[in-house]
Structure formats: C-alpha cells, structure tokens
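Morning, everyone. Please have the sequence and the structure open for this one.

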Amino acid sequence: MQFVERKDVFTMGKLDGKIAMVTGAAMGNGNGGARGLAKNGAHVVLADISEKVFTAAQELVDAGYSAEAVQFDVRNFKDAKKAVDDIVEKYGRIDILFNNAGVIRLAQFEDMTDEIRDFHFDVNIKGVWNCAKAVWPYMQKQRYGKIVIMSSVTGPMVADMGETAYATTKAANWGFTKALAFEGGPYNINVNMICPGYIHTPMAEQIAKESNPDNPQTVIDGIAAAVPLKRLGTIDEIGDLVAFLASDEASYITGTQVVIDGGSTLPETFGAVGV
Ligand SMILES: NC(=O)c1ccc[n+]([C@@H]2O[C@H](COP(=O)([O-])OP(=O)(O)OC[C@H]3O[C@@H](n4cnc5c(N)ncnc54)[C@H](O)[C@@H]3O)[C@@H](O)[C@H]2O)c1
C-alpha cells in the first residue's frame, strides 16, 4: 500500500471538508465517482486492486482536486481495514464510502463454474461487505456517514443471458443496503444504492467483446439504440449522482435505490404496441 501526495485545494462545494474513499476507482464508474466527489470539494482516497489507481489519483490532483491513492483488494478485509484505519489516522474521520468495485464474467448457467460464481460473490458481495465493515465503527463513532453501494439494474430489476452470478450478487447488494440502512439510522449514517443501466466503461467494452469478439462496437451501438435516451451513460453522470447521495442534500434519503439508466428498464412491450 502506498499513498500519493495530497494537494490542498480551496473550493466551495457541497462536500467541502469531507473525507471519502472510493473502491474500484482506477477506471470506469469508480473513477467517475471519485471525480464527482472531488469536484464537489471532498478529499478523495481512490482505492483499487490495480496500480493504475496511482495514475488516476495523480490525474485528479493535476486537475486541481484533492486526492490520493491506495492499492488493495476489496476481497481482503484486513487490507480494507488497514486502508481505512490509515485514512482516519491521517484525517481524523471517514465521511463517505462509495462501495463500487465490482466484476462481471458472462457464462451460460451450465458453464458457470463454482470458481466464476465465487469470484463474483467474493468481489461484489464480500468486497462491498468488507469495505462497509471497515468504515462502520468510525461512522458510528462520529455519528455521521454516507455509504453509496454500487449495484445495477441487472439483478434487482432485469437480467440478460450469462448473468446468473452477476445478477445474484447485484440483487444481494439490495438486501444489504436495506438492512445496513436500518442499522445506520440511529447513527446518522445514510446507506443508499445506485442501479446503473449501461455506462460506457472498460467493463461495458469487455461485455461487448465477450458478446461479439469480431465486432464489439456493434454491441455498444445496439445497446445505445435500445435505450430511450439513445446512448450509454457516462462516468461523470455516475459521479454527479454519487456526489448528491453523499451530500447533505440527500440527508433524508436512506435505504433506497436510485436507477440511472437512460430509461433502459422502461420497455413494457418492446415496441409491439404504440406508434
Ligand atoms: N459499466 C456498466 O454498465 C455498469 C452497469 C451497472 C453497474 N456497474 C457496476 O459499476 C461498478 C464498476 O463497474 P465499471 O463498469 O466501472 O467496471 P470496470 O471494470 O471498468 O472498473 C472496475 C474497477 O474495479 C477494480 N476492481 C476489480 N476488482 C477489484 C478488487 N477485488 N479490489 C479492488 N478493486 C477491484 C478494477 O481494477 C477496476 O479499476 C461495478 O460494481 C459494476 O458492477 C457497471
């Protein structure tokens, strides 16, 4: 584990003075979440299993935001706890956790090995659990905390072929969100979940490649065409939502889910009825 230097910035944002940790922040939605929190004034610790997280944090610092990086695997509770303990030792608190790191590997159920299943369970369920567990005692003690859990429309609402393991984990996030929000209430800890549809990230590109190795772009174009807003979402749109839920503008919102999908879960008749 290693930190890059913190840069002090002076902004007027709804998250000024807040200390945040974002998992899976080297790229994709976690990176968008980190930027969203940072641009609203939070000091953001970007966490990731990949060493690319150091470059990602440096990019935020270069853009004038306050950020640093730590490398660990969310599957390892001890490392998650050490990262959070270090943050609290350095800054005296941890206000926000964007519990985002997640994985997907498509396989038909008959080909879904226990190893692929457990890989999803370990990262998407236990990883989320580990990071929440690491911040929880501090948030309880300071009687303040915002936890945003990254789920998906896949699992809680819809599913596609090959997603049995992934959908199971993302639906499990919903039960966890509700139960944890209940327990967090007396401590002024808000726990909410976001459910994105297709967001243009390296993961979305990976799914496109797995679905059509010869021409992944047609998969991306096909998805965009089926979304009412006619495009995939951006990581900055994720960042704006995370910043809102992590702020006191959302102080009376807890135990709920927010869908951010460009309307992709709207179709009822898939065009068979209507003009
Ligand atoms: N992209 C989408 O369309 C979409 C839609 C719904 C939900 N999501 C969810 O958003 C989250 C991020 O997805 P993304 O599309 O940005 O994925 P991504 O693959 O582009 O990025 C995921 C990041 O998580 C990190 N990571 C993976 N395993 C880790 C581990 N064990 N410990 C620490 N870091 C780890 C990766 O290194 C990577 O930086 C996931 O939870 C995913 O399920 C994505």
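In which hand, left or right, does α1 cross α8? The crossing of α1 past α8 is right-handed. Keep in mind that this is a predicted model.

Let me place the two helices. α1 covers residues 28–39, and α8 covers residues 235–245. Their axes lie 7 Å apart, at an angle of about 50°. Oblique runs between 35 and 65 degrees here, so α1 is oblique to α8.

Now the residues that meet. From α1 we have Gly28, Asn29, Asn31, Gly32, Gly33, Arg35, Gly36, Leu37 and Lys39. From α8 they face Ile235, Asp236, Ile238, Gly239, Asp240, Val242 and Ala243. By type, that contact holds seven polar, five nonpolar and four charged residues. Glycine is counted with the polar group.

Next, the domains. The assignment gives two. Domain 1 comes in two pieces, 19–197 and 235–260. Domain 2 is 199–232. Their centres, taken over C-alpha atoms, are 23 Å apart. Domain 1 brings 15 residues to the contact, and domain 2 brings ten residues.

How much area is buried between domain 1 and domain 2? About 890 Å². Carbon and sulfur atoms give 62% of that area.

Which three residues supply the most on the domain 1 side? Ile104, Leu106 and Glu237. Together they supply 43% of the area that domain 1 buries against domain 2, more than any other three residues. Look at Glu237 once more: it falls within the 235–245 range of α8.

That's my part. Over to you.

Notes. Residues are numbered from 1 along each chain as its sequence is written. This is a predicted model: local features need pLDDT of at least 70, side-chain atom pairs count only at pLDDT 80 or more; totals for chains, interfaces and linings use all residues. Side-chain values use heavy atoms; hydrogens and water are left out. Axes are lines fitted to C-alpha atoms, for helices over the stretch in contact, and angles run from 0 to 180 degrees between N-to-C directions. Helices (H or I, at least four residues) and strands (E, at least two) are DSSP runs, numbered from the N terminus. Angles under 35 degrees count as roughly parallel, over 145 as roughly antiparallel, 65 to 115 as roughly perpendicular and the rest as oblique. A crossing is left-handed if the near helix is turned anticlockwise from the far one by less than a right angle, and right-handed if clockwise. Contact means heavy atoms within 4.5 Å. Domain bounds come from an automatic or database domain assignment. Buried area is the accessible area (1.4 Å probe) that two parts lose on being put together, summed over both.
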